[in-house]
Amino acid sequence: MQLGEVEKLVLQYLWQHKSADVKAVFKHFEKIRGGSLNTYQSTLDRLYKKELLSRHKVTNAFQYQPKVERYELIGQLIRSVTSDFVTDDNSLVAAFSSMSADFNEEQLNKLESLIEAQRIKLAKGN
Amino acid sequence: MVTGQLAVWLNIITIVILAFVIANLTVSAIVSLLTQKFISLQVKSRKIVLWLLVILPWLTSIFVALVFLNGYTSATIFEAELDYAHWHHMSVFSSLSWHGATLIIALIFTLYILVKKLIQLKRHHQDLAQLTSFSKPLTRGVFEIELAESSAFTAGFIDKKCFITSGMLKEMTDEEIAVILGHERAHAKMNDPLKKWLFSIFTAFFIPSLAAHLKLHMTLAMEQAADNAVVNNDITSTFVASTLVKAARLNALYSPVKNNELVANFGADVLEQRVYFLLGQLNLKPVNKMLTVVLVIFILAVCFSSIDGVHHLIETVLSH
């Protein structure tokens, strides 16, 4: 999913303020970066169409709320970028602990014991 | 019906496809038989062998086609060439025959793979750009992502970027972070993201289960090479191993254990193998060069000796 610069700014604003209509968004950004009311109206529409915002009508204007939280969007992006190379063709990354999420406690404990044993062995050797 | 020079080229492409399929099946059989042996090869040798295996069907098919072309256009180099490397009706190509169908199917399949990979690459670049815009630079080429989940990875083909989450930075000590970033920088230095993508294109021409095995072996080799690159006078291999297990434990907190048996076993194999490797508990050997040469010659021989036979076999079932 590609987000433009203004879309990201508006999304950041809504993550902070939880809910706003186009006038509130425009009022906030008018001072910081300019732009017209239409610019922010179309930005909010695009974010709504990308399913990143939800909206409901209050009197005559839409109130927009973030549909996904910041951490959820970043989590989605990380998952998309790091999808497993073996089970899913989408991975073009090299991860530090790739495929290690499939472990259970017992296996990890076993590996830790093995490392500790090696450490003691090396310390005795020195 | 196509005749003349164009027909020769179309027949040559058909030979390339047939040789590719035969070489691919032979390589697949070899990989299936020797898959457990790869793990005992030294990391560098293993990488070379894996690349050789996925590229071999392409090299073999091109070589076989060139020999066939040589046999048709000029005097043969070897006496035996006429016995094996001959193709009936080289200057005539019937597009409404199995030859034409073979060409079209191969073309569609190849295009499908290439388009799929390019779409995947485009999406990946978009998501990566997005992720970069949500992260903040820590040092040159290293970015912090504000997220409680624990993760570190490297991505990008030309402009390579190492990412680490704030969750991981919070949970790990400075020494452990040095190991993680050293590991990621090693991936970047070795161009692993690009190599992974290229490798996945070559493996896409193998049956999926075999492709998964090949990719798993390549992933393991790349991870072991990156783990090894971190070990120096200040950072011991046991420390790298314990950092790896700690990171795995943190990952497990956020990711549910997958039920897929194949995936779970693969995962277990990879982490265990990396730890065993760091602890020096694997007796890794260099590749047997003689055996490798014999296998390459064997695949070439199978292709040469099968083309004519396969041609006749197909034409006993399908009309020319």
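Two strands count as paired if DSSP finds at least two bridges between them. The exercises below use this criterion on a predicted model.

**Exercise 1. Establish how strands β1 and β2 of chain A pair, and describe the hairpin they form.**

Step 1. Strand β1(A) covers residues 53-58 and strand β2(A) covers residues 61-66. Six bridges join them, and the two strands run antiparallel. The criterion of at least two bridges is met by these six bridges.

Step 2. To fix the register, take A:Ser54: the residue opposite is A:Gln65 in β2(A).

Step 3. Two residues lie between the strands of this hairpin. A:Thr59 has a positive phi there, near 50°.

**Exercise 2. Describe the fold of chain A in terms of its elements and its burial.**

Step 1. Chain A has five helices and three strands. Along the sequence they follow the order α-α-α-β-β-α-β-α.

Step 2. Chain A has 126 residues, of which 33% are buried.

Step 3. Consider the contacts in chain A between residues at least 6 apart in sequence: 40% of them link residues at least 24 apart.

**Exercise 3. Characterise the packing of helices α2 and α3 of chain A.**

Step 1. Two packed helices are described by the angle between their axes and the distance between the axes.

Step 2. For α2(A), residues 22-33, and α3(A), residues 37-49, the angle is about 125° and the axes are 9 Å apart.

Step 3. An angle counts as roughly perpendicular from 65 to 115 degrees and as roughly antiparallel over 145. The angle of about 125° falls in neither class, so α2(A) and α3(A) are oblique to each other.

Step 4. The crossing of α2(A) past α3(A) is right-handed.

Step 5. On the α2(A) side the contact is made by A:Val22, A:Val25, A:Phe26 and A:Phe29. Their counterparts in α3(A) are A:Leu37, A:Tyr40, A:Gln41 and A:Leu44.

**Exercise 4. Classify the surroundings of two non-glycine residues with positive phi, A:Glu51 and B:Asn191.**

Step 1. Most residues other than glycine have a negative phi.

Step 2. A:Glu51 is not a glycine, yet its phi is positive at about 65°. A:Glu51 sits in the loop between α3 and β1 of chain A. A residue is exposed with 12 or fewer C-beta neighbours within 10 Å. A:Glu51 has 10 C-beta neighbours inside 10 Å and is therefore exposed.

Step 3. B:Asn191, also not a glycine, has a positive phi of about 55°. Its place is the loop between α6 (174-189) and α7 (192-203) of chain B. Because B:Asn191 has 16 C-beta neighbours inside 10 Å, it counts as partly exposed.

**Exercise 5. Trace the pairing of strand β4 of chain B with β3(B) and with β6(B).**

Step 1. Strands β3(B), residues 135-139, and β4(B), residues 142-145, are antiparallel and share four bridges. B:Thr139 has B:Val142 in β4(B) as its bridge partner.

Step 2. The hairpin of β3(B) and β4(B) has two residues between its strands, and B:Gly141 takes a positive phi near 80°.

Step 3. β4(B) is also joined by four bridges to β6(B), residues 161-165, and this pair runs parallel. Here B:Phe143 is bridged to B:Phe163 in β6(B).

**Exercise 6. Locate the largest nonpolar core and find what helix α1 of chain B contributes to it.**

Step 1. The largest nonpolar core has 71 residues. Those touching the most other members are B:Ile15, B:Ala19, B:Ala23, B:Val64, B:Ala241, B:Val275 and B:Cys303.

Step 2. Helix α1(B), residues 5-38, supplies the largest share of this core, ten residues.

Step 3. Another core, of twelve residues, lies apart from it; its members include A:Leu11, A:Leu44, A:Leu47 and A:Tyr64.

Step 4. For B:Ala19, set aside neighbours within four places in sequence. The contacts are then B:Thr60, B:Ser61, B:Val64, B:Ala65, B:Cys303 and B:Ile307.

**Exercise 7. Describe how α1(B) packs against α8(B).**

Step 1. The axes of α1(B) and α8(B), residues 208-230, are 11 Å apart at an angle of about 35°.

Step 2. α1(B) passes α8(B) in a left-handed crossing.

Step 3. B:Ser28, B:Val31, B:Ser32, B:Thr35 and B:Phe38 in α1(B) meet four residues of α8(B): B:Leu210, B:His213, B:Leu214 and B:His217.

Notes. Residues numbered from 1 in each chain as written. Chains lettered and ligands numbered in written order. Predicted model: local features only at pLDDT ≥ 70, side-chain atom pairs only at ≥ 80, totals over all residues. Core = buried A, V, L, I, M, F, W, Y, C linked by C-beta atoms within 7 Å. Buried ≥ 20, exposed ≤ 12 C-beta atoms within 10 Å, placed from the backbone. Contact = placed C-beta atoms within 7 Å. Axes fitted to C-alpha atoms, helices over the stretch in contact; angles between N-to-C directions. Parallel < 35°, antiparallel > 145°, perpendicular 65-115°, else oblique. Left-handed = near helix turned anticlockwise from the far one by under 90°.
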